[in-house]
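I opened my notebook to look through one structure. I wanted to see how its parts fit together.

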Amino acid sequence: MTQYWYNVRTHKVEEDALSDWTQLLGPYETREEAERALEKVRERNRSWDPDDANGDGWSDKD
């Protein structure tokens, strides 16, 4: 089964992890899920830190 990965350096979706693992988010079952990888990261950041309203890793109180 093909797995999809989001490359944080190139901002492109890869099939079957072509790049170094330190550059990849995943695996995802579909290309569409991989394309939304950064959105999912932001959502998780917000859930872990409610003060980080925009999900960029910085508290709005800083």
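My entries below go from the sheet to the core and then to a single residue.

**Entry 1: the sheet.** I noted that I am working with a predicted model. I looked up the sheet and found an open one of three strands. Its order is 2-1-3, and the pairing is antiparallel. I then asked which strands stand at the edges. They are strand 2 and strand 3. Each has a single partner strand, so one side of each is left without a neighbour in the sheet. I also wrote down the twist, which averages 25° from one strand to the next.

**Entry 2: one pair of strands.** I turned to strand 1, residues 4-7. Strand 1 pairs with strand 2 over four bridges, in the antiparallel sense. Within this pair, I found Trp-5 opposite Glu-14 in strand 2.

**Entry 3: a helix on the sheet.** I checked helix 2, residues 37-48. Helix 2 packs on the sheet and touches strand 1 and strand 3. Its direction makes about 100° with that of strand 3.

**Entry 4: the core.** Which residues make up the largest nonpolar core? I listed six: Tyr-4, Tyr-6, Val-13, Tyr-28, Ala-34 and Ala-37. I followed Ala-37 further. Leaving aside neighbours within four places in sequence, Ala-37 is in contact with Tyr-6, Leu-25 and Tyr-28.

**Entry 5: a loop residue.** I picked Gln-23, in the loop between strand 2 (12-15) and strand 3 (24-28). Is Gln-23 buried or exposed? Its relative accessible area is 19%. Buried means under 20%, so Gln-23 counts as buried. Not counting residues up to four places away in sequence, Gln-23 touches Tyr-6, Asn-7, Val-8 and Arg-9.

Conventions
Residues are numbered from 1 along each chain as its sequence is written. This is a predicted model: local features need pLDDT of at least 70, side-chain atom pairs count only at pLDDT 80 or more; totals for chains, interfaces and linings use all residues. Side-chain values use heavy atoms; hydrogens and water are left out. Helices (H or I, at least four residues) and strands (E, at least two) are DSSP runs, numbered from the N terminus. Buried means under 20% relative accessible area, exposed over 50%, partly exposed in between (1.4 Å probe, protein chains only). Contact means heavy atoms within 4.5 Å. A nonpolar core is a set of buried Ala, Val, Leu, Ile, Met, Phe, Trp, Tyr and Cys residues joined through side-chain atoms within 4.5 Å. Two strands pair if DSSP finds at least two bridges between them. Axes are lines fitted to C-alpha atoms, for helices over the stretch in contact, and angles run from 0 to 180 degrees between N-to-C directions.
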